[in-house]
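Got your viewer open? Load the model, pick a plain cartoon view, and keep the selection box handy for the stops below.

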Amino acid sequence: MKITLLLVAIMLSSFLGFGQISIKGRVLDKNDGQGLPGVNIVIKGTSQGTVSDIEGGYSLEAVAESAVLVISYVGYVTQEVTVSGKTNYSIELVSDVKSLEEVVVIGYGTSTVKELTGAISRVSGKDIEARNPVRLDQALQGQTAGVQISTASGSPGGSSNIRIRGLGSNGNNNPLILVDGIIYSVEGLNALNPSDIESVNVLKDASASIYGVLAGNGVIVVTTKQGKKGGKPSIEFSGYVGLQETTKKLDLLNARQYAVLKNEMFGSAGQVVPFLNPDLGNGTDWQDAVFQRAPMQNYNLNLTGGTDKSSYSIGGSYLSQKGIVGGDKASFERYNVRINFSTDLTSKIKLQSILLFTNEFRATLPEYRNVFSNDGQPGIGSVLYNTINASPAASIRQPDGSFTKLNEFLDVINPLAQIENTYNWSKANKFVGKEEVSYNINSNFDLTGRFGYDYSNFPSKTFSPIVDYGLNKPQNATFSSVQQTEQTSFSYNVDFYLNYNRTFNELHKVKGTAGFVRSQNYYKGLFTTGFDIPNNSWEFADISLANLTGLKNGGVGSGEVQSRLQSVFIRGEYAYKEKYLFSALARRDVSSKFGRDNISGYFPAVSAAWVASSESFFKIDFIQFMKVRASFGVAGSDRIGEFRYRAFLGGEGVYPFGDQLINGVAIGRAGNSSLRWEKNIQTNIGIDLTTLKGKLDVSIDYFTKKTSDLLFEPETSALLGTYGAGGAPPIINGGDVKNTGIELQLNYTNQVTSDFSYNVNFNATKIKNEVTQTPVGVDFISYGSFGIGGERATRFQRGLPIGAFYGFKTEGVYQTSQEVTERGVNQQNASRGDLRYVDQDGNKTINFGDNSDKVLLGSAIPDVILGLNTGAKYKGIDFSVSFYSSIGNSILRNFERQAPLANMLAYRIGRWTGEGSTNENPRLTNGESRNNVYSDYFVEDASYLRIRNIQLGYLLPASLINKIGAKKLRFYIAVNNLATFTKYRGFDPDFNSGDALLGGVDFGAYPQARTYMVGFNLNF
């Protein structure tokens, strides 16, 4: 019996082992024959597999003789090998340069990465969505070289500044933004849901010239998600909830410190001290009272699919965001619906239809007071400005519950009262879309016609109640008022273009594009103001209930304007053996913004590239791809108001008729019939490399960009007659600006094992900005003001960056009276403990009354910007972190009120108190001194490093989620703006107002929030 069982066991084991063998071998790089470590070798249809060792060797046990091996490795083409009885299999993998075949939108056509002759960067929709941004531009920060994103306002719904290769103008520097061929403004990006983005292509050099006058500041081409023909219906549902908080609170004096220092200030001037008992404790922390934690939430639903002839993508989203200052008084809400539908009408005619509807609501607080000082610059009065300068010795409310009035100040008011009495909202209803028909004439020609449109309606309302903030406050209101506006804009563009594509003898590839564009913008606005609102209440704040008779200082106004642009363009591309690539284009624009003599603008461009790695003599084994590029192109700008070449009768005039004065009209804005296009000339030299066996992609670019004939408003003599109410100087051409820079882009991906992979994206941009010419007869143009109505802060001057800070330079603090007298430099009102100013002109006198001792103090334009984005995956776990850094930019700390009883930053505790106490901070005094003169003491290095986003996610196993009919379910936690490392004393070193000449002047801007998020991605 035992023998029988033994025989059966032997036979069974032989049967089970029949057809199974052990195999081994090596995986090699076909190009150089070197072994590849970490290659995945898996038996197809099973989880059985292994990974090659450091020499490329591998072995597998119990492999069926009919099995198929799947060999995969990042950067190489995946192979399948059928086991055919042998026991040793050496496998050669071929480098996979499929990334070079990625399609890039280049304007009225497409190309591949390999064929590009220009400097174009691409960001995928997955990279954007992973950062959970509210707006697209927020996600682009640090993603690609040559693109700088800074924050104009961190308030909910606030916009950003997008700069491609530096500031090229003293006016509007925003790039052209095209979403599926439709023009968007930077502000209009609020309407776009970042989760709907498929890809973003940034045209940085001559390749942008195909858009002519629109492309002077670069072009961003956005493509939204589409369905796939024949694809089964797929549902994507994602969302997150978040909690926001401020990233920073300023280190201000508490009540006791405040009282001690203020007593010292008054006492040093021989004045009565304000606090007999300075022991006031901590007092009021106004920042704690103003800042709050605020919720936000976002949900996205997208349905994609298709038939044999059609594809569709239908999406909707909802976003709600409250403010970390003001809560509901500074909030943003967005509803968004998008339809993207494509179909084959016939075998040759295709139709694409896109429609986006967005409803937005935004409430805002003052970020600086919406009034202008005598020099035409914005005044100061943001909520945070008042928060910083309010006395910590004052309470928020009085015993009767009313807000405390800060009577010790002229212009600083109780910020909590300011928030409560602010009622300011705006809405937006947008319909944006296009209808595009393409006709395949034959195998070589395609004709496309496109109609794009953007209809927007913007109602808004501002209510100002009767309010008393304190004695003689300019913010006080003795009567209530409501301002309501109804603005409508409609723009459309009609494009027709013909594309030609043919390859001759498999050697010569020729592509061509020719087209015609006509666009028109129409705007209409109605503005009304009413007074004496019933019950002085927001509830009744409507123009229908207001007093419209005997208007105090308002009334009804309206405006209507149109502009038109008509263009023709042509582009030709040629490639020989896919090694020698050439491209040339030209565009002619006709704009209604210029007079008859300069109505047309011409914008040519040429570029070429050489794919050196395709040459037979190219024997550099560690480089799989190498391309050298060069380009030259001209673009332009017409970013001015309509019909500025003509004079307007928009001013107020008073004329004597007999013995009476009659009110009439006068010249408003003076005209300039010679006004012409702003012109931008750019050259670029670049190199693209793929190395480390396809794992590393490198791009390096050197560029120069010169803008001439800048469009701006000069200072003019009052004799011109445009300085009355409603008057303005003419727009003129004058001044040149040059940007020179280097860009570096690195992308590294490595699949270490079948379970673990990681990627690193690094980019760096170095730019030098310089004004190379000022208008004829003008040495410099000054702008902005330090403090309230103080010295001009910035300049447009030859040899300096645009908007450079220009003022007095300091060199420490006078320590003794002897030092003041023996220094040999006359500094008016100087005393020991005061700042020492540098005598720049060598005349032994500090000239506070002119510019002879003023120098460059810094610039809001950074010297270098850096981005680092890394990610890793292990089985179902993924982790990513992104960093952004700006180096060399400066900010003018203009939120400190230089008033006797204004609060101060705590660094002033380290003031000069006697010889040797400090050589950095001057004494505190209410007496005469020059310590508050605009100087480098108030201009700070605002360089910073920010952890922009950090995220940890987990993808549930398919075996688990398949039970609920899902294809994918991922949960994640994330933090945006986790930490910022900077020496800047203000709230946010990323701030920039967006004004080229006033960008780095911080009036107390609303900072970006830190946001903690929990979210999910669910696919069916």
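One term before the first click: a contact means heavy atoms within 4.5 Å. What you're looking at is a predicted model, where local features need pLDDT of at least 70, side-chain atom pairs count only at pLDDT 80 or more, and totals for chains, interfaces and linings use all residues. Type residue numbers counted from 1 along each chain as its sequence is written, and keep in mind that side-chain values use heavy atoms, with hydrogens and water left out.

**Stop 1: a loop lysine**

Select Lys 228, which sits in the loop between strand S16 (219-224) and strand S17 (234-246). Strand and helix labels follow DSSP runs numbered from the N terminus: helices are H or I with at least four residues, strands are E with at least two. Apart from neighbours within four places in sequence, Lys 228 has contacts with Gly 305, Gly 306, Ser 310 and Ser 311. Lys 228 is exposed, at 66% relative accessible area. For that label, exposed means over 50% relative accessible area, buried means under 20%, and partly exposed is in between, using a 1.4 Å probe and protein chains only. Now draw a C-alpha distance from Lys 228 to Ala 630: they are 402 residues apart along the chain and separated by 36 Å.

**Stop 2: zoom out**

Show the whole protein and you have nine helices and 51 strands to look through. The C-alpha atoms fill a box of roughly 125 × 75 × 65 Å along the principal axes. How does the radius of gyration sit against the globule rule? For 1020 residues a compact globule would come out near 31 Å, and the protein has 33 Å, which agrees. That radius is taken over C-alpha atoms, and the rule is 2.2 Å times the number of residues to the power 0.38.

Colour by burial next: buried residues make up 53% of the 1020. Among contacts with a separation of 6 or more, 69% are between residues 24 or more positions apart. If you switch on a surface, the accessible area is about 44900 Å², and carbon and sulfur atoms hold 56% of that.

**Stop 3: a covered strand**

Go to strand S12, residues 160-164, where five of five residues are buried. Turn the strand to see both sides: Ser 160, Ile 162 and Ile 164 are buried on one face, and Asn 161 and Arg 163 are buried on the other. Add strand S11 (residues 147-151), which runs antiparallel to S12 and is joined to it by five bridges. Strands are said to pair here if DSSP finds at least two bridges between them. To find one of these bridges, select Gln 148 and its partner in S12, Arg 163.

**Stop 4: three strands and a hairpin**

Select residues 623-637 (S29) and 678-691 (S32): they pair antiparallel over 14 bridges. One place to look is Ser 637, opposite Glu 678 in S32. Then bring in S33, which pairs with S32 in the antiparallel sense over 13 bridges. Here Ile 685 stands opposite Tyr 702 in S33. In the S32-S33 hairpin, with four residues between the strands, check the backbone of Leu 692: its phi is positive, near 50 degrees.

Keep following the chain to Asp 709, in the loop between S33 (696-708) and strand S34 (711-712). Asp 709 has phi near 55 degrees, a positive value in a residue other than glycine.

**Stop 5: another positive phi**

Jump to Lys 875, in the loop between strand S44 (864-874) and strand S45 (877-887). Phi of Lys 875 is near 55 degrees, and this lysine is exposed, with a relative accessible area of 58%.

**Stop 6: two buried residues**

Select Val 939, in strand S47 (residues 939-941). Is Val 939 buried or exposed? Buried, at 10% relative accessibility. Leaving out residues up to four places away, Val 939 touches Phe 805, Leu 857, Ser 890, Ile 891, Leu 892 and Tyr 934.

Finish on Tyr 944 in strand S48 (residues 944-955), which is buried at 4% relative accessible area. Beyond residues up to four places away, it touches nine to pick from, including Gln 141, Tyr 884, Phe 981 and Pro 989. Draw one last C-alpha distance, Tyr 944 to Gln 141: 14 Å, with their positions 803 residues apart along the chain.

Technical notes
Areas by Shrake-Rupley, 256 points an atom, 1.4 Å probe, with all protein chains shown as cover.
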